[in-house]
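Hi everyone, thanks for coming along. Let me put the sequence and the structure up on the screen, and then I'll walk you through them.

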Amino acid sequence: APDEATFGAASAPVGPKALGLTEAQLEGADIITPRGVGLGEVQRVDVDSSGVITGLIVEPKGEGGPRWVRIPLDGLTPVKEGDDYDLEANMTLEQLKAMPAWAP
């Protein structure tokens, strides 16, 4: 991983990372299509018991109420958007909405 060179530096630990982004950068990221169409927004980061980020909890766009789905990290590509990042996903809004509902 590219971050190994900075391991042991004086900076405070940033916690888990995925796709090269921190948990804070992932939370609130927009999920977009390769054409830049918004699919939804990351509501929270799914972290397993060992502290590894395993997926993202997303609220699909256009849902009437808070219905969240869990998407895997596979197939997501970070895209820098100003100071923030969007996450490009190879799926349609219909595919995102068709994923099983996730509840905390």
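Before we look at the sheet, one convention: two strands pair if DSSP finds at least two bridges between them. Helices (H or I, at least four residues) and strands (E, at least two) are DSSP runs, numbered from the N terminus. Please keep in mind that this is a predicted model, where local features need pLDDT of at least 70 and side-chain atom pairs count only at pLDDT 80 or more, while totals for chains, interfaces and linings use all residues. Residues are numbered from 1 along each chain as its sequence is written, and side-chain values use heavy atoms, with hydrogens and water left out.

So, the overview. The protein has two helices and nine strands, and from the N terminus the elements read β-β-α-β-β-β-β-β-β-α-β. Seven of the strands make an open sheet with mixed pairing, in the order β7-β8-β3-β4-β5-β6-β9. The edges belong to β7 (76–81) and β9 (101–102), each with a single partner strand, so one side of each has no neighbour in the sheet.

Let's go to β6, residues 68–72. On one side, β6 is joined to β5 (residues 53–60) by four bridges, and the two run antiparallel; here Gly55 stands opposite Pro72. On the other side, two bridges join β6 to β9, again antiparallel, with Val69 opposite Ala101.

In a regular strand the side chains alternate between the two faces of the sheet. How does that look in β6, and which residues are on the covered face and which on the uncovered one? Val69 and Ile71 make up the covered face, and Trp68, Arg70 and Pro72 the uncovered one.

Arg70 deserves a moment. For accessibility I'm using relative accessible area, with a 1.4 Å probe and protein chains only: buried is under 20%, exposed is over 50%, and partly exposed is in between. At 29%, Arg70 counts as partly exposed. Side chains of opposite charge can pair when their charged atoms come close. Our criterion for a salt bridge is a side-chain nitrogen of Lys or Arg within 4 Å of a carboxyl oxygen of Asp or Glu. How many does a search of the whole structure find? Just one: Asp46 with Arg70, with the closest N and O atoms 2.5 Å apart. Asp46 is in strand β4 and Arg70 in strand β6, so the pair ties together parts that are 24 residues apart in sequence.

Now over to β8. Strand β3 (residues 30–32) and strand β8 (residues 84–89) run parallel and share three bridges, and Ile31 stands opposite Leu87. Contact, by the way, means heavy atoms within 4.5 Å. Beyond its neighbours within four places in sequence, Leu87 is in contact with a long list of residues, including Leu19, Leu26, Ile31, Val42, Leu56 and Leu76.

Strand β8 also holds Asp86. Asp86 is buried yet has no salt bridge, and the nearest side chain of opposite charge, Lys61, is 9.4 Å away. For that count, Lys and Arg are positive and Asp and Glu negative, with His and the chain ends not counted. Setting aside neighbours within four places, the contacts of Asp86 are Asp30, Ile32, Thr77, Pro78, Val79 and Glu81.

On to the core. By a nonpolar core I mean a set of buried Ala, Val, Leu, Ile, Met, Phe, Trp, Tyr and Cys residues joined through side-chain atoms within 4.5 Å. The largest one has 20 residues, and those with the most contacts inside it are Leu26, Ile31, Leu56, Val58, Ile71, Leu87 and Leu96. Strands β4 (38–47), β5, β6 and β8 each supply at least two residues of this core.

Let me finish near the start of the chain numbering, with two leucines. Leu19 sits in the loop between β1 (17–18) and β2 (21–22), and its phi is near 60°, a positive value in a residue other than glycine. Leu19 is partly exposed at 30%. Leu21, in strand β2, is buried at 3%. Leaving out residues up to four places away, Leu21 touches Pro16, Leu26, Pro78, Tyr85 and Leu87. Leu21 and Tyr85 are 64 residues apart along the chain, yet their C-alpha atoms are separated by 8.6 Å.
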